[in-house]
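Biologist: Could you take a close look at one part of this predicted model, the strand that feeds the nonpolar core, and set it in the context of the fold and its pockets? I would like one connected account rather than a list.

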Amino acid sequence: MSSSKSYTLKVLFAVIALLTLSVVVSGQTITGSISGYCRRRSSGGVIPGATVTLTGEKTGQGRTSATDSEGRFTFAALQPGRFVLKVERQGFQTYEQRKSS
């Protein structure tokens with residue numbers, strides 16, 4: 001194989017490797033999740049249908065979800081930061097907690 005062909009193949013391989021690496025690196029993100037459940041303090045019974053709001057302290061952006069039939073909730077794909085978690089349900093006292101992730 002001539003040296004110019006060898007050089008061309010090496011350059012082509014390097015370009016392909018860099019393009020592949022840039023696609024892989026750009027797909028990496030750092031996120032987390034916050035999940036939990038709502039239960040009555042006295043009986044431990046679940047509280048379905050509660051409104052759960054998660055607000056970023058720094059951004060002020062919020063997300064809202066509702067607890068499922070087993071009282072569970074999840075907020076996925078969260079950027080690292082400090083959050084305020086608020087749970088509301090008619091007939092219950094509002095619960096609020098500051099949470100860092």
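**A strand and its surroundings**

Modeller: The protein has 1 helix and 6 strands, and along the sequence these elements follow the pattern α-β-β-β-β-β-β. Since the model is predicted, what follows describes computed values. Of the 101 residues in the protein, 17% are buried, and the protein exposes about 7,700 Å², of which carbon and sulfur atoms supply 55%. Among contacts between residues at least 6 apart in sequence, 48% join residues at least 24 apart.

Against that background, the part to examine is β2, together with what lies around this strand. In soluble globular proteins, nonpolar side chains tend to be buried together. Here the largest nonpolar core consists of 12 residues, namely Ile-34, Cys-38, Ile-47, Ala-50, Val-52, Leu-54, Phe-73, Phe-75, Leu-78, Phe-83, Leu-85 and Val-87. Two or more residues of this core come from each of β2 (51-56), β4 (72-78) and β5 (82-88). Phe-75, a member of the core, shows how β2 is connected to other parts of the chain: leaving aside residues up to four places away in sequence, Phe-75 touches Val-52, Thr-53 and Leu-54, and its contacts also include Gly-32, Ser-33, Ile-34, Arg-63, Thr-64, Ser-65 and Leu-85.

Two threonines of the strand deserve a closer reading. Thr-53 is found in strand β2, and it counts as buried because its relative accessibility is 18%, where the cut-off for buried is under 20%. Beyond residues up to four places away in sequence, Thr-53 touches Arg-63, Thr-64 and Phe-75, and also Val-84, Leu-85 and Lys-86. Thr-51 is likewise found in strand β2, but at 32% relative accessibility this residue counts as partly exposed, a class that lies between the 20% and 50% limits. With the same exclusion of residues up to four places away in sequence, Thr-51 touches Thr-64 and Ser-65 as well as Lys-86, Val-87 and Glu-88. Thr-51 can also be related to Arg-89, which is 38 residues away in sequence and 6.3 Å away in space, C-alpha to C-alpha.

The strand also takes part in a pocket. The second largest pocket has a volume of about 260 Å³, and of the 14 residues that line it, the closest to its centre are Gly-56, Thr-59, Gln-61, Gln-79 and Phe-83. At least two residues of this lining are supplied by each of β2, β3 (62-66) and β5, and by class the lining divides into 4 nonpolar, 6 polar and 4 charged residues. Phe-83 is thus named both in the largest nonpolar core and among the residues closest to the centre of this pocket.

For context, the largest pocket has a volume of about 530 Å³. Of the 20 residues that line this pocket, the closest to its centre are Cys-38, Arg-39, Arg-41, Val-87 and Tyr-95, and two of the names, Cys-38 and Val-87, also appear in the largest nonpolar core. β1 (32-37), β5 and β6 (95-100) each supply at least two residues of the lining, with β1 giving the most, 4 residues. By class, the lining of the largest pocket has 9 nonpolar, 5 polar and 6 charged residues.

Technical notes: Residues numbered from 1 in each chain as written. Predicted model: local features only at pLDDT ≥ 70, side-chain atom pairs only at ≥ 80, totals over all residues. Heavy atoms only, no water. Core = buried A, V, L, I, M, F, W, Y, C linked by side-chain atoms within 4.5 Å. Buried < 20%, exposed > 50% of the residue type's maximum accessible area, 1.4 Å probe, protein only. Contact = heavy atoms within 4.5 Å. 1 Å grid on protein atoms, 1.4 Å probe; cavity = no way out; pocket = protein on both sides within 12 Å on 5 of 7 lines; lining within 4 Å. Points joined across faces, edges and corners; volume = space filled by probe spheres on them. Nonpolar A, V, L, I, M, F, W, Y, C, P; charged D, E, K, R; others polar. Areas by Shrake-Rupley, 256 points an atom, 1.4 Å probe, with all protein chains shown as cover.
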